[in-house]
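Let's walk through a model together, feature by feature. Ask whatever you like as we go.

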Amino acid sequence: MLDHLTEKFSGALRKLSGRGRISESNIREAMGEVRTALLEADVHYDVVKKFCDDIVDKAVGSEVLKSLKPGEQMIKIVYDELVQLMGPVDSHIMYVQPAPTIVMMSGLQGSGKTTTCGKLAAYLKKKGKSVMLAAADLQRPAAVEQLRTLAEQVEEGSPGGGAVRFYGEPDKCAEYGKAVGVAVKVCRNALKAARSANVDVLILDTAGRLHVNDDLMGELRQVDKALNPHQIYLVIDAMTGQDAVNSAKAFNEQLELDGVILSKTDSDTRGGAALTVKEITGKPIKFVGTGEKIEALEEFHPDRMASRILGMGDVVSLVEKAQEQVSEEEALKLQEKMESGKMTMDDFLDQLRKIRKMGSMKALLGMLPGVGQQLKDLDMNDGELDRTEAMINSMTRHERKDVDLLDQSRRRRVATGSGVEPKDVSQLVKGFDMVQNMTKQMAGMGALQRMRALGGLGKQDLAAMGGSSGPSFKTRQRSKRKKKDRKRKSR
Amino acid sequence: MGLFSFSIKKVKAGLARTRQTFSKLRNLLSRELSDDVIDQVEALLIQSDIGVKTTVALIDHVREAYREKKFTRGDQVFDYIKRYITELFPAEDRSLHFAPSGPTVILVGGINGAGKTTSIAKIAKALRDDNKKVMLAACDTFRAAAVEQLEIWAQRLGVEVIKGQQGGDPAAVAFDAADAAVARNADVLLVDTAGRLHTQQHLMRQLTKIRNVITRKIPDAPHEVILVLDATTGQNAINQARLFKESVDVSGIFLSKLDGTAKGGIVVAVRQELGLPVKFIGVGETPDDVEPFDPEKFVEALFSE
């Protein structure tokens with residue numbers, strides 16, 4: 001499931017860089033792989049076509065052909081173009097006077113409108129704005145109730161200054177198609193309520209509807225006409241396939257969208273829909289939904305999304321994921337322990353568990369640039385981690401503090417206790433020793449040296465990109481021995 | 001099996017539209033085959049979310065046959081693709097399996113917003129109309145008002161629903177529901193679960209637990225595990241299906257939201273990669289809007305615009 005794209009791309013790259021110099025036909029050939037990769041990322045067929053044609057024009061006209069590293073140059077062009085197409089970043093919400101600023105959510109069924117309304121309310125509350133959430137979804141059973149609960153959750157549980165209110169008329173709900181048009185009245189009433197409650201922002205949660213349902217699209221237009229919302233957002237599922245083009249086009253034509261919110265980006269989708277929707281509507285992607293929690297709404301980062309669509313890993317997201325699990329204070333404490341060589345098996349176990357909470361090992365490593373491809377055939381079994389955990393659990397408290405205590409007989413006991421072979425225990429102890437030694441040695445190094453000691457990025461790779469903003473496209477797996485050698489050199 | 005036969009008679013708006021607009025490609029295919037026609041077929045296949053791999057395999061074959069003059073007309077291409085896809089979905093796959101005795105348990109899962117609850121209402125109505133005693137288990141204790149949503153459906157359909165506390169343990173609700181289904185002689189128990197992204201490992205483990213708890217109560221249950229897939233989903237559906245299959249051993253797919261412009265071609269890729277059959281399609285918002293999956297109609301819809 002990992003990075004088909006990295007694979008394809010690196011393949012194309014190798015073809016290019018292997019030849020040293022490349023011709024226009026080489027570029028076209030490589031773009032074939034890029035095309036496949038983008039299609040597999042769910043970018044729409046026509047968008048892909050146009051994108052690839054543009055890239056070929058750019059590459060042919062540029063210095064790529066003469067460049068020493070044509071492959072990297074090419075990828076840089078592709079990456080930059082993606083970033084540019086999906087940008088610029090604009091998560092600004094223009095507040096109007098007199099209040100309230102009216103924000104209307106729209107989208108297909110199940111795209112995540114109601115949840116996004118709650119998240120947006122939490123986001124605005126944090127910025128000190130008072131918000132009213134109005135339930136204009138009278139079709140889906142209990143949608144009103146869901147929004148009311150979310151409003152209460154945000155009001156009570158989320159940080160920030162502004163009040164969060166709710167407006168709903170649950171008695172107006174009806175079965176699908178039987179309450180068309182009623183939403184307009186409810187929205188009008190909501191606006192009155194918002195004015196008298198003096199809130200800064202009124203968010204309208206409309207019912208999910210198909211872009212081909214004329215009655216319901218008409219209702220949205222009526223709401224638009226009656227209230228004249230200042231911001232109309234389309235909420236679209238990041239996992240959407242080729243059909244994103246149709247719904248985005250229809251909603252944009254009928255409503256004149258002001259922006260797009262991309263939901264469910266915490267899935268492992270490549271997210272090509274982001275590019276499709278931006279291309280079709282020309283409207284900025286304002287926010288992305290990044291998780292189950294009510295705070296999980298973030299500003300859109302075109303560079304991260306470009307890396308993701310290209311399967312080049314997402315280091316920033318990885319770091320953020322890690323931060324969710326480990327507080328800065330904890331991390332500092334651990335670092336001190338590691339540097340002084342006092343890390344114990346307990347600390348190790350603790351780390352192991354935190355890492356596991358972040359997701360599967362394979363998924364995590366897949367976020368590192370270039371790693372995805374190498375991992376594809378490797379059977380990364382999370383059971384391995386289970387066994388490690390079991391082994392540590394089978395050690396006594398003393399043994400966990402001081403692994404040197406583990407002689408043959410104790411190792412046999414631990415092995416029996418955790419259902420593994422004694423050699424597995426020995427391996428764990430050896431590995432632990434190694435990590436401990438390494439961290440002790442690394443304590444004296446600077447950040448860059450440390451990074452190099454850990455392998456992965458070489459200095460020239462960073463330089464090749466001509467700066468630090470872009471991702472590194474070149475990675476090589478180094479053996480542990482080499483790592484050690486290099487470490488010695490750098491000492 | 002008489003199940004769902006009533007709905008086949010209904011000509012849904014979605015499919016009606018499909019037939020009307022089908023003509024565009026039919027025109028194309030009734031013409032003589034050319035590279036241009038093949039390119040257009042390729043674009044259509046890609047745009048149906050059928051996946052690059054399958055498209056390339058199909059188109060490569062078509063191009064070769066065209067070169068060797070085995071295919072000369074467009075309709076040969078259509079017939080070939082139709083045969084290829086219908087053969088992927090043999091008929092025996094599409095029926096529901098019922099318990100020989102005692103309640104049949106159908107576990108329903110899917111990602112957030114796939115349409116689980118609506119799909120459950122549809123299956124429940126069809127079974128109820130088939131004179132089966134249906135019970136629902138509201139195991140989505142996570143999302144706000146999810147239980148209420150299912151309750152409203154239960155009320156409309158006149159079936160019983162077993163529920164727990166918001167925020168409570170969904171496995172406990174499943175256990176109680178299985179218990180109640182046995183005690184009250186229900187024919188079918190439909191278990192609604194919270195939407196979860198397949199990448200959330202702990203939530204996937206929770207789903208496994210729900211399944212295990214049901215099995216503990218009724219040994220050969222669940223008899224069906226239905227994954228609800230949104231037809232608008234792109235290639236990520238393969239990952240979804242794979243991880244849901246790993247965690248609860250999915251037995252079939254309910255392809256929802258086929259009444260829009262999405263073609264749901266991804267089920268072809270899912271079938272090829274994971275062997276999962278498609279049992280039903282959702283074609284609208286009302287409980288009547290369900291049909292058995294028909295591969296031939298499905299292929300025709302792929303070629304409509």
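## Reading the sheets, the interface and the odd spots

A: Start with one pair of residues: Val260(A) stands opposite Ile285(A), which sits in β7(A). Keep in mind that this is a predicted model.

Q: Fine, so in which sense do β6 and β7 of chain A pair, and over how many bridges?

A: Strand β6 (residues 259–263) and strand β7 (residues 285–289) of chain A run in the parallel sense, and three bridges link them.

Q: What is the strand order of the whole sheet in chain A?

A: Reading across, the order is β3-β2-β4-β1-β5-β6-β7-β8 (chain A); that makes an open sheet of eight strands with mixed pairing. At the edges you find β3 (164–167) and β8 (297–299) of chain A, and each has a single partner strand, so one side of each has no neighbour in the sheet. As for twist, neighbouring strands here are turned by 25 degrees against each other on average, ignoring direction.

Q: Which helices should I look at against that sheet in chain A?

A: Try helix α8 (residues 214–227) of chain A, which lies across β1 (101–106), β4 (201–206) and β5 (231–237) of chain A and runs at about 175 degrees to β1(A). Then there's helix α9 (residues 244–255) of chain A, which packs on the sheet and touches β1 and β5 of chain A, its direction making about 170 degrees with that of β5(A).

Q: Over to chain B: what is the strand order there, and which strands are at the edges?

A: In chain B, eight strands make an open sheet with mixed pairing, ordered β3-β2-β4-β1-β5-β6-β7-β8. The edge strands are β3 (160–163) and β8 (290–292) of chain B, each pairing on one side only. Neighbouring strands in this sheet are turned by 25 degrees against each other on average, again with direction ignored. For one pairing up close, take strand β5 (residues 224–230) and strand β6 (residues 252–256) of chain B: they pair in the parallel sense over five bridges. Within that pairing, Leu227(B) stands opposite Ile253(B) of β6(B).

Q: Which strands do helices α7 and α11 of chain B lie across?

A: Helix α7 (residues 116–129) of chain B lies across β1 (104–109), β2 (134–139), β4 (188–193), β5, β6, β7 (278–282) and β8 of chain B, and runs at about 175 degrees to β4(B). Helix α11 (residues 236–248) of chain B lies across β1 and β5 of chain B, at about 160 degrees to β5(B).

Q: Now the interface. How is the area buried between chain A and chain B described?

A: The general idea first: interface size is often given as the accessible area lost when the parts come together. Between chain A and chain B that comes to about 3,500 Å², with carbon and sulfur atoms giving 57% of it. Pro141(A), Met239(A) and Glu292(A) supply 18% of the area that chain A buries against chain B, more than any other three residues. By residues, the contact takes 41 from chain A and 42 from chain B.

Q: How many salt bridges and polar contacts cross the interface of chain A and chain B?

A: Side chains of opposite charge can pair when their charged atoms come close. The rule finds one salt bridge across the interface of chain A and chain B. Glu42(B) and Arg35(A) meet in a salt bridge through their side chains, at 4.0 Å from N to O. Polar contacts across this interface come to 17 residue pairs. On the side of chain A that touches chain B, the elements giving two or more residues are α2 (24–40), α3 (45–61) and α6 (143–157) of chain A. Of these, α2(A) gives the most, with four residues. The residues on that side of chain A divide into eleven nonpolar, 15 polar and 15 charged.

Q: What about salt bridges over all chains: how many does the structure hold?

A: The structure holds 33 over all chains. One to click on is Arg63(B) with Asp39(B), whose closest N and O atoms are 3.0 Å apart. Arg63(B) belongs to helix α5 (residues 52–67) of chain B and Asp39(B) to helix α4 (residues 35–47) of chain B, so the pair ties together parts 24 residues apart in sequence.

Q: Last one: where should I look for unusual backbone geometry?

A: Most peptide bonds are trans, and most residues other than glycine have a negative phi. In chain A, the bond joining Gly87(A) and Pro88(A) is cis, with omega about -5 degrees. The bond from Gln97(A) to Pro98(A) is cis too, with omega near -5 degrees. Pro88(A) is in the loop between α4 (70–86) and β1 of chain A, and Pro98(A) is placed in the loop between α4 and β1 of chain A. In chain B, look at Ala145(B): it isn't a glycine, yet its phi is positive, about 65 degrees. You'll find Ala145(B) in the loop between β2 and α8 (146–157) of chain B.

Key. Residues are numbered from 1 along each chain as its sequence is written. Chains are lettered from A and ligands numbered from 1 in the order in which they are written. This is a predicted model: local features need pLDDT of at least 70, side-chain atom pairs count only at pLDDT 80 or more; totals for chains, interfaces and linings use all residues. Side-chain values use heavy atoms; hydrogens and water are left out. Two strands pair if DSSP finds at least two bridges between them. Axes are lines fitted to C-alpha atoms, for helices over the stretch in contact, and angles run from 0 to 180 degrees between N-to-C directions. Contact means heavy atoms within 4.5 Å. Buried area is the accessible area (1.4 Å probe) that two parts lose on being put together, summed over both. A polar contact is a pair of N or O atoms within 3.5 Å; within protein, one must be able to donate a hydrogen and the other to accept it, and residues adjacent in sequence count only if both atoms are side-chain atoms. Ala, Val, Leu, Ile, Met, Phe, Trp, Tyr, Cys and Pro count as nonpolar, Asp, Glu, Lys and Arg as charged, and the others, Gly among them, as polar.
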